[in-house]
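Take a first look at the sequence and the model shown here. A short report on selected features comes after them.

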Amino acid sequence: MRLAPVIPVLVIEDVQHALPVAEALVAGGLLALEVTLRTECAIEAIKMMKQVPGVVVGAGTVLSPDDLTRAIDAGAEFIVSPGLTPKLGEAAILSGVPFLPGTANASDVMLALELGFDRLKFFPAMYAGGPAALKAIAAPLAAAKFCPTGGVTIDNAPEWLALEAVLCVGGSWMVPAGPPDRARIEAAARTASALAR
Ligand code: 3PG
């Protein structure tokens with residue numbers, strides 16, 4: 001979460017896109033990449049992206065202990081989930097992998113803290129109330145630090161990053177769907193990696 005101000009959230013539709021996307025993002029200064037397990041080729045994409053020097057590849061949209069195992073077997077170095085269940089949390093603890101569970105309210109955060117997780121995704125960030133909601137939720141739960149994701153853009157990222165409880169944000173805006181345009185992805189990554197926090 002401290003490697004860069006933004007974690008790109010990636011939906012890789014074609015495994016041929018994996019390397020150019022990862023190379024362009026890393027060239028632009030974004031080193032931690034979240035590959036969502038939403039596409040057929042996601043596991044293969046994680047394996048390919050790990051070839052890029054300096055990259056830290058994680059898996060997102062991890063919904064079950066089975067997803068967790070598949071992601072770790074592919075070499076994922078961190079795991080992100082839109083939510084948190086006791087089963088998934090226990091599997092993450094047993095595996096020892098860094099795990100960012102999704103939370104959207106105070107009870108979610110309290111469950112995460114109870115299970116031993118204090119680095120959390122706030123999801124879906126803009127629709128769960130935006131920066132004002134997270135500020136209010138985080139106030140009594142100071143042990144938790146967040147990566148807001150869901151509706152975050154280059155325009156609203158500064159407002160999130162200004163919050164004390166926010167270590168970084170996540171978002172998909174740097175990599176539009178379709179064949180990757182390396183120069184555009186690198187430029188978007190460079191702008192994102194220069195955000196203050
Ligand atoms: C996620 O997968 O965490 C979010 O859906 C990414 O949200 P965005 O596409 O709004 O950035």
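The report starts at the ligand and then turns to the backbone, a buried glutamate and a helix. The model is predicted.

**The ligand site**

Nine names make up the surroundings of the ligand: Val9, Arg38, Lys121, Phe123, Thr149, Gly150, Gly151, Gly171 and Ser172. By class, two residues of this shell are nonpolar, five are polar and two are charged. Three side chains place a polar atom beside an oxygen atom of the ligand, as the table lists.

| Side chain | Partner | Distance |
|---|---|---|
| Arginine 38, N or O atom | Ligand oxygen atom | 2.3 Å |
| Lysine 121, N or O atom | Ligand oxygen atom | 2.6 Å |
| Serine 172, polar atom | Ligand oxygen atom | 2.6 Å |

On its own, the ligand has 320 Å² of accessible area. The protein covers 79% of that area.

**Backbone features**

Most peptide bonds are trans, and most residues other than glycine have a negative phi. Two places in this model depart from that pattern. The peptide bond from phenylalanine 123 to proline 124 is cis, with omega near -10°. Phenylalanine 123 is also one of the residues around the ligand. Proline 124 sits in the loop that runs between strand 7 (119–122) and helix 6 (130–138).

Threonine 61 is not a glycine, yet its phi is positive, at about 55°. Its loop lies between strand 3 (56–60) and helix 3 (65–73). Is threonine 61 buried or exposed? Threonine 61 counts as buried because its relative accessibility is 15%, under the 20% cut-off.

**Glutamate 34**

Glutamate 34 belongs to strand 2 (residues 32–36). With 4% relative accessibility, glutamate 34 counts as buried. Which residues does glutamate 34 touch, leaving aside those up to four places away in sequence? They are Ile7, Pro8, Val9, Leu10, Gly58, Ala59, Gly60, Thr61, Phe78, Val80 and Lys121. Val9 and Lys121 also appear in the shell around the ligand. Glutamate 34 and valine 56 are 22 residues apart along the chain. Their C-alpha atoms are separated by 8.7 Å.

**Helix 1**

Helix 1 spans residues 18–27 and is mostly covered. Seven of its 10 residues are buried. These are Ala18, Pro20, Val21, Ala22, Ala24, Leu25 and Val26. Their cover includes strand 1 (6–10), strand 2, helix 2 (42–49) and helix 8 (182–193). Strand 2 is the strand that holds glutamate 34. After helix 1 comes glycine 29, with a positive phi near 100°.

Conventions
Residues numbered from 1 in each chain as written. Predicted model: local features only at pLDDT ≥ 70, side-chain atom pairs only at ≥ 80, totals over all residues. Heavy atoms only, no water. Near = heavy atom within 4 Å. Polar contact = N/O pair within 3.5 Å; in protein donor to acceptor, adjacent residues only side chain to side chain. Areas by Shrake-Rupley, 256 points an atom, 1.4 Å probe, with all protein chains shown as cover. Nonpolar A, V, L, I, M, F, W, Y, C, P; charged D, E, K, R; others polar. Helix = DSSP H or I, 4+ residues; strand = E, 2+ residues; numbered from the N terminus. Buried < 20%, exposed > 50% of the residue type's maximum accessible area, 1.4 Å probe, protein only. Contact = heavy atoms within 4.5 Å.
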